Amino acid sequence: ERLVGSEMCIRDRLKSILDLTDIEVYDVMNHRKNLFSLDVDLPVKEIIKKVENCPFSRIPLYKDKPENIVGVIRVKTLLKEAVAKKGNLQDIKITEIMNKPWFIPDNTTLMRQLQLFRARREHFAIVVDEYGDLQGIVTLEDILEEIVGDINDESDIQNLDTMGIRKISDNAFIVDGQVPIRDINRKFNWQIADENAVTVAGYLLSLIHISEPTRRS
């Protein structure tokens, strides 16, 4: 019985690896609506306060509007800089310690992105569409989870509210339309088909389209 279970597990993992050539980063990214980002022009003291209890190790920085990402700051780098300046936060120049954002097309396959992460020794990228508009972010962890399942550590946020899901009874939930179907399938071990849609809203629209009666001309 254990042998059969192991074989099934290996088979599932191999299938997940092969799927990386068909799945695009748009399908697994963290959508811009749920993106935690900060205004690069905020006072350093305020930025540190906002990241103090932040569960993320890297945070996108924007200028003027959230869609205009101009950099990425590592929380570890920011805190080390604060220590080095001995609390003189006004001496910290965020634009000098932040990294340049790495923009990738939303139609990049997971296999290709995995290769790029390895080549650049990076594991954080900003996802944009063909017009350069912000779509979200993708991390190495997002891709690895496609192979091995959820990877949770002590900094992961597990409550449903942060996923855009609100439980109203034992068998009823209110779900934000932008929540990816893949996230719901992972969280509840469901099998909602995602071939024709990425988000819950897209899935419902596809159902309406499918069920819509054909009009006679």
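User: Before we start, how are helix axes and angles defined here?

Analyst: Axes are lines fitted to C-alpha atoms, for helices over the stretch in contact, and angles run from 0 to 180 degrees between N-to-C directions. This is a predicted model, where local features need pLDDT of at least 70, side-chain atom pairs count only at pLDDT 80 or more, and totals for chains, interfaces and linings use all residues. Residues are numbered from 1 along each chain as its sequence is written, and side-chain values use heavy atoms, with hydrogens and water left out.

User: OK, at what angle do α3 and α4 pack, and is that parallel or oblique?

Analyst: Helices here are DSSP runs (H or I, at least four residues), numbered from the N terminus. The axes of α3 and α4 sit 11 Å apart, at an angle of about 130°. Angles under 35 degrees count as roughly parallel, over 145 as roughly antiparallel, 65 to 115 as roughly perpendicular and the rest as oblique, so the pair α3 and α4 is oblique.

User: Which residues of α4 meet α3?

Analyst: Contact means heavy atoms within 4.5 Å. From α3 come I47, I48 and V51, and their partners in α4 are V75, L78, L79 and A82.

User: Which element gives the most to the largest nonpolar core?

Analyst: Such a core is a set of buried (under 20% relative accessible area, 1.4 Å probe, protein chains only) Ala, Val, Leu, Ile, Met, Phe, Trp, Tyr and Cys residues joined through side-chain atoms within 4.5 Å. This one has 18 residues, and V51 and L78 are among those touching the most other members. Elements giving two or more residues include α4 (75-84) and α5 (94-97). The top contributor, with four residues, is α3.

Key
Buried means under 20% relative accessible area, exposed over 50%, partly exposed in between (1.4 Å probe, protein chains only).
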